[in-house]
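Here's a quick briefing to read with the model open beside you. Start with one residue, then work outwards through the fold.

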Amino acid sequence: MCELFIGADPTLWQSRTRSLRIDGVATSIRIETHFWETLEEIGARDGLSLAQLITRLWHEAMDADHDLGNFTSFLRVCCARYHALIAAGELSPDLSQPIAISPARQILTREATRRAMSGMATRSLAQPEKIN
């Protein structure tokens, strides 16, 4: 099993820093190559540059009153969810299909149902799971 992960191209986990402006404020984001590539793919599906996508994510997260104390973690989770939603059949793997046309509320409802059924949503973060 681990060969699938160990044998991957090592450049995928190398961190890269990119600078961009959000509302005229210069900022730098440092994440791994795999996540940069995924963010570029997500943006391209809706005709957005990487900077435009990140700016939109920032604004929409702020509008939703999310705490973005660790914006890079938020971006990594966005990438992981993107791949998970494709794997679950909620998003088309066809890169020519924009994400913006997806029925977000219905997808989120089905996702919440799947999480609740698997017990993931009921686990307490205060009690870490023991791994043997």
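Which residues does Gly43 touch, not counting residues up to four places away in sequence? The answer is Leu48 and Leu53. Keep in mind that this is a predicted model, with a mean pLDDT of 89 for the protein. Overall, you're looking at five helices and two strands, and the points below go through them by topic.

**Overall layout**

- Reading from the N terminus, the elements come in the order α-β-β-α-α-α-α.
- The protein has 132 residues, and 23% of them count as buried.
- If you want a feel for the dimensions, the C-alpha trace spans about 45 × 35 × 35 Å along its principal axes.
- Take the contacts with a separation of 6 or more: residues 24 or more positions apart account for 44% of them.

**How confident the prediction is**

- A pLDDT of 70 or more is reached by 90% of the residues.
- Confidence is highest in helix α2, with a mean of 97.
- At the other end of the scale, helix α1 (residues 3–6) has the lowest confidence, at a mean of 85.

**The hairpin**

- Strand β1 covers residues 15–22 and strand β2 covers residues 25–32, and the two pair in the antiparallel sense over eight bridges.
- To check the register on screen, find Leu20, which sits opposite Thr27 in β2.
- Arg21 gives you another marker, as it stands opposite Ala26 in β2.
- Two residues lie between the strands of this hairpin.
- Asp23 is in that loop between β1 and β2, and it has a positive phi of about 55° although it isn't a glycine.
- Is Asp23 buried or exposed? It counts as exposed because its relative accessible area is 56%, and the cut-off for exposed is over 50%.

**Another Asp with a positive phi**

- Asp65 belongs to the loop between α3 (50–63) and α4.
- Its phi is positive too, at about 60°, and Asp65 is not a glycine either.
- With 71% relative accessibility, Asp65 is exposed.

**Where α2 meets α4**

- Two packed helices are described by the angle between their axes and the distance between the axes.
- For helix α2 (residues 33–45) and helix α4 (residues 71–87), the axes come within 10 Å and cross at roughly 65°.
- That crossing of α2 and α4 is left-handed.
- On the α2 side, the contact is made by His34, Phe35, Thr38, Leu39, Glu41, Ile42 and Arg45.
- The α4 side brings in Leu75, Arg76, Cys78, Cys79, Tyr82, His83 and Ile86.
- Sorted by type, the residues of this contact of α2 with α4 come out as eight nonpolar, three polar and three charged.

**Two residues to look at in α2**

- Ile42 is in helix α2, and it counts as buried because its relative accessibility is 12%, where the cut-off is under 20%.
- Setting aside neighbours within four places in sequence, Ile42 is in contact with Leu53, Cys78, Tyr82 and Ile99.
- Ile42 and Leu53 are eleven residues apart in sequence, with their C-alpha atoms 8.0 Å apart in space.
- Gly43 is also part of helix α2, and it is buried, with a relative accessible area of 0%.
- Leu53 turns up again here, as one of the residues that Gly43 touches.
- Measuring from Gly43 to His83 on screen should give you 14 Å between C-alpha atoms, for two residues that are 40 apart along the chain.

**A tryptophan in α3**

- Trp58 is found in helix α3.
- How does Trp58 rank for exposure, and why? It is partly exposed because its relative accessible area is 26%, which falls between the cut-offs of 20% and 50%.
- Beyond its neighbours within four places in sequence, Trp58 is in contact with Ile22, Leu68 and Phe71.
- Trp58 and Phe74 are 16 residues apart along the chain, and their C-alpha atoms are separated by 9.6 Å.

How values were computed
Residues are numbered from 1 along each chain as its sequence is written. This is a predicted model: local features need pLDDT of at least 70, side-chain atom pairs count only at pLDDT 80 or more; totals for chains, interfaces and linings use all residues. Side-chain values use heavy atoms; hydrogens and water are left out. Two strands pair if DSSP finds at least two bridges between them. Helices (H or I, at least four residues) and strands (E, at least two) are DSSP runs, numbered from the N terminus. Axes are lines fitted to C-alpha atoms, for helices over the stretch in contact, and angles run from 0 to 180 degrees between N-to-C directions. A crossing is left-handed if the near helix is turned anticlockwise from the far one by less than a right angle, and right-handed if clockwise. Contact means heavy atoms within 4.5 Å. Ala, Val, Leu, Ile, Met, Phe, Trp, Tyr, Cys and Pro count as nonpolar, Asp, Glu, Lys and Arg as charged, and the others, Gly among them, as polar. pLDDT is the predictor's confidence in each residue, from 0 to 100. Buried means under 20% relative accessible area, exposed over 50%, partly exposed in between (1.4 Å probe, protein chains only).
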